[in-house]
Amino acid sequence: MDGPIFGLCSVLTLLSAAIAVRRSLVQQRRGNETYRLALSAHLVALVSSFLGSLLAIPAVADIADRATMAELSTLVSDIAAVIFCASLQILIIDWEYYRELPHYVSIACRIGFVVVVTGLLIWQFRRADPARFDLDMSTSDLWVDDVRTYLLTYLCFFAAAGAEVAVRAAKLARGMWRRGRSAGTGMAVTAAGAALGVLYALFRSGYVLAYEGGHAWPSALDNVISPALAGLSIGGVAAGLSMAVLSNGRSGTSTSRRSAAPARRHPTAAR
């Protein structure tokens, strides 16, 4: 089931990336430098999501692993997912706090946190040493402590970042509906996609914890529900952001400083 789901996600994110590139080129021709950081973060999110989805396809992962080393495709795919989440956080923050001090502080904190999480994943991957012990860095080898630790590190970050994106996107959707319903609908779809990502992370991490406690549900159930939730999450976020970008003629969001003001009354740094 992973192949068809993540294959569709790869196609969708690739198309969405083309839309983002086109919007960026149009903005450059118009000499508009507004929300340049958000546009860059949007493109990085889509490219990393495309790479992560592509490497999540079993056939592609097998080819990549044979050409490099065992389970390297899993590590790269998971790091791409971390970058995807962080880019979405930066995108949303740039829309909410454009050119304000909390904007720069929050973005710097999230970039630093991504570096830490990526470093942890690489260290845990090397400690598990899947090439030497013939391990899959997935739920199929949860009997290994290092595999469980690796998965929980990745899933905890995914859940936390997804929850923030869902909340912030929902706030932006409410503000956008006052100025352009299509853009607000796009952000609402984005919020729903991020919420599905949280459900994916909670369901899969729950399976890991249940396995550790000796009360795991059938692995076949996890192998069906988890990919479905992940695919819907990626598709929802990519489609929602594309809707918001296409409906806006200025910079990828119809939110002006005035419409975003309610969200800026409580600026936050990294949490």
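Here are legends for a set of close-up views of this predicted model.

**Figure 1. The whole chain, an all-helix affair with ten helices and zero strands.** Reading along the sequence, you get the pattern α-α-α-α-α-α-α-α-α-α. The protein chain has 271 residues, and 53% of them count as buried. The views below pick out two spaces in the model, a surface patch, a long-range pair and two loop residues.

**Figure 2. The largest pocket, with about 840 Å³ of space.** A set of 35 residues lines the largest pocket, and Asp2, Ala56, Thr74, Ser77 and Arg204 are the ones nearest its centre. Two or more lining residues come from each of helix 1, helix 2 (36-55), helix 3, helix 4, helix 7, helix 8 and helix 9. Which helix gives the largest share of the lining? That's helix 4, with seven residues. As for chemistry, the lining of the largest pocket is a mix: 16 nonpolar, twelve polar and seven charged residues.

**Figure 3. The largest cavity, holding about 70 Å³ of space.** If you go looking for cavities of 30 Å³ or more, the structure holds one. Its lining is made up of Phe84, Cys85, Leu88, Phe158, Ala161, Gly162, Val165, Ala194, Gly197, Ser233 and Val237. At least two of the lining residues come from each of helix 4 (72-96), helix 7 (145-176), helix 8 (181-212) and helix 9 (219-246). Helix 7 gives the most here, with four residues. Sorted by type, the lining of the largest cavity has eight nonpolar residues, three polar and no charged. Helix 4, helix 7, helix 8 and helix 9 also turn up in the lining of the largest pocket in Figure 2, each giving two or more residues there.

**Figure 4. A nonpolar patch on the surface, built from Phe113, Val116, Leu120 and Trp123.** Together, these four side chains put about 390 Å² of accessible area on show. Val116 sits in helix 5 (residues 101-128). Is Val116 buried, partly exposed or exposed? Its relative accessible area is 47%, so it counts as partly exposed. Patch members need over 30% relative accessible area, so Val116 makes the cut with its 47%.

**Figure 5. Leu8 and Gly231, brought together from 223 residues apart along the chain.** Their C-alpha atoms are separated by 8.2 Å. Leu8 belongs to helix 1 (residues 2-29). With a relative accessible area of 63%, Leu8 is exposed.

**Figure 6. Glu71, a loop residue with a positive phi.** Look for Glu71 in the loop between helix 3 (58-67) and helix 4. Its phi is near 65°, a positive value in a residue other than glycine. Most residues other than glycine have a negative phi. How much of Glu71 is accessible? Its relative accessible area is 10%, so Glu71 is buried.

**Figure 7. Asp129, another residue with a positive phi.** Here phi is near 50°, again in a residue other than glycine. Asp129 is placed in the loop between helix 5 and helix 6 (130-133). Asp129 has a relative accessible area of 24%, so it counts as partly exposed. Put beside Figure 6, that gives a partly exposed Asp129 and a buried Glu71.

Note on methods: Residues numbered from 1 in each chain as written. Predicted model: local features only at pLDDT ≥ 70, side-chain atom pairs only at ≥ 80, totals over all residues. Heavy atoms only, no water. Patch = residues over 30% accessible without salt bridge, like charges linked within 9 Å, V, L, I, M, F, W, Y side chains within 5 Å. Areas by Shrake-Rupley, 256 points an atom, 1.4 Å probe, with all protein chains shown as cover. Buried < 20%, exposed > 50% of the residue type's maximum accessible area, 1.4 Å probe, protein only. 1 Å grid on protein atoms, 1.4 Å probe; cavity = no way out; pocket = protein on both sides within 12 Å on 5 of 7 lines; lining within 4 Å. Points joined across faces, edges and corners; volume = space filled by probe spheres on them. Nonpolar A, V, L, I, M, F, W, Y, C, P; charged D, E, K, R; others polar.
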